[in-house]
Amino acid sequence: MSDFENPYAPASGAQMSGNVTFGDKPQTAPAVSGQPGQAGGDLIKDTTTADFTADVIQASQDVTVLVDFWAPWCGPCKQLTPVIEKAVQESGGRVKLVKLNIDDHPAIPGQMGIQSIPAVVAFSGGKPVDGFMGALPDSQIREFIEKVAGPPGVSPAEAQIEAVLEQSRAAMADGNMEQAAQGFAAILQMQSGHAGAAAGLAACMMEMGDLDRAEQMLAVIDAEGRKDPEVASVIKRLEMAREVAQLGDPVELEARLAKNPDDHEARLQFAKILNAKGHRDAAAEELFTIMRKDRKWEDEAARKALLEFFEAWGPVDPATLSARRQLSSLLFS
């Protein structure tokens with residue numbers, strides 16, 4: 001099961017909404033034989049609600065910190081423990097591992113929307129930046145560590161590319177598409193076929209309304225690069241943008257809904273248009289309206305559309321996190 005299909009999936013991706021508060025009374029996590037935090041020296045430790053700020057938020061200013069949310073009764077957690085600890089110990093100090101028992105310390109995972117374990121979230125610069133769910137194999141965990149902390153022995157050229165990539169992404173987030181596009185293009189001149197830069201430039205083209213050029217940029221990304229969640233998100237957004245162009249006039253759709261609030265087809269189309277315009281929360285709410293009235297309409301078309309939104313938004317976008325929680329409540333109420 002992919003994270004996008006699981007309403008309980010924890011954070012993974014570029015950013016996470018992090019309105020997390022921490023307790024001011026230290027608590028001591030009980031030692032459990034054979035459980036996390038018993039080895040690894042300075043690289044691996046247990047934490048508490050009270051110590052989370054120091055162990056994770058502050059520590060991640062200096063080194064990437066992986067937070068493993070686990071519980072003693074969780075079988076997959078026991079499978080993950082030796083694998084992730086070994087990978088961390090062999091990472092050359094590029095990451096540290098901090099374990100949080102969600103049974104003893106439920107506040108932080110609750111505020112972060114962690115509803116399924118094991119869940120691992122990477123913190124860097126005091127903020128959550130990526131994550132995964134489940135007991136992944138050793139190879140995938142090592143790939144994850146390289147993604148969040150960089151591969152060992154990064155060359156100056158690679159470091160320069162990463163710096164320009166981050167600057168370009170920041171410019172795009174600030175709405176400066178021209179500056180962002182210049183940065184992504186510069187990377188592609190240095191390394192043709194760079195998946196992140198090609199996806200970033202395609203995203204800029206979409207923001208500028210040039211879907212054809214966006215499609216051309218995505219075409220240079222190879223099959224392996226298309227597996228990257230960020231690249232997959234841009235590809236999905238382009239697919240949805242193409243679809244929205246065929247949906248019609250939103251004013252007419254609103255008129256249809258005013259006349260017949262149970263016109264689910266009109267509401268579904270209207271939700272897709274709202275999403276294309278960047279109104280993510282409003283788009284999700286239209287889909288929830290359909291699900292509340294008729295969850296199984298058109299073979300659960302509203303839920304499937306919402307999962308496509310998640311894929312396009314990215315798993316740790318605030319709109320994704322909020323809608324996942326609502327979806328969980330709706331499906332399991």
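Two aromatic rings are taken as a pair here if their centres lie within 6.5 Å. By that yardstick, a search of the whole structure, which is a predicted model, turns up four aromatic pairs. One of them joins Phe132 and Phe144: the ring centres sit 5.0 Å apart and the planes meet at 80°, so this pair counts as edge-to-face, the cut-off for that label being over 60 degrees. Phe132 belongs to strand E5 (residues 127–133) and Phe144 to helix H4 (residues 138–149), so the pair ties together parts that are 12 residues apart in sequence. As for their setting, Phe132 and Phe144 are both buried. Elsewhere, ring pairs link up Phe309, Phe310 and Trp313 as a cluster.

Stepping back to the chain overall, the protein is built with 14 helices and five strands. It runs to 333 residues, and 48% of them are buried. Its accessible surface adds up to about 16,100 Å², with carbon and sulfur atoms supplying 49% of that area. As for how the chain folds back on itself, take the contacts with a separation of 6 or more: 66% of these are between residues 24 or more positions apart.

Among the helices, H10 and H11 give a packing arrangement that can be followed residue by residue. Helix H10 covers residues 250–259 and helix H11 covers residues 264–276; their axes are 9 Å apart and the two pack at an angle of about 145°. The crossing of H10 past H11 is left-handed. On the H10 side, the contact is made by Pro250, Leu253, Glu254, Arg256 and Leu257, while H11 brings in Glu265, Ala266, Arg267, Gln269, Phe270 and Ile273. Sorted by class, that makes six nonpolar residues, four charged ones and one polar one.

Arg267 deserves a word of its own. This arginine is located in helix H11, and it is part of the contact with H10 described above. Is Arg267 buried or exposed? With a relative accessibility of 10%, Arg267 counts as buried, since the cut-off for that class is under 20%. Setting aside neighbours within four places in sequence, the residues in contact with Arg267 are Leu257, Pro261, Glu286, Thr289 and Ile290. Of these, Leu257 also appears on the H10 side of the helix packing.

Technical notes
Residues numbered from 1 in each chain as written. Predicted model: local features only at pLDDT ≥ 70, side-chain atom pairs only at ≥ 80, totals over all residues. Heavy atoms only, no water. Axes fitted to C-alpha atoms, helices over the stretch in contact; angles between N-to-C directions. Helix = DSSP H or I, 4+ residues; strand = E, 2+ residues; numbered from the N terminus. Left-handed = near helix turned anticlockwise from the far one by under 90°. Contact = heavy atoms within 4.5 Å. Nonpolar A, V, L, I, M, F, W, Y, C, P; charged D, E, K, R; others polar. Buried < 20%, exposed > 50% of the residue type's maximum accessible area, 1.4 Å probe, protein only. Areas by Shrake-Rupley, 256 points an atom, 1.4 Å probe, with all protein chains shown as cover. Phe/Tyr/Trp six-rings, centres within 6.5 Å; stacked < 30°, edge-to-face > 60°.
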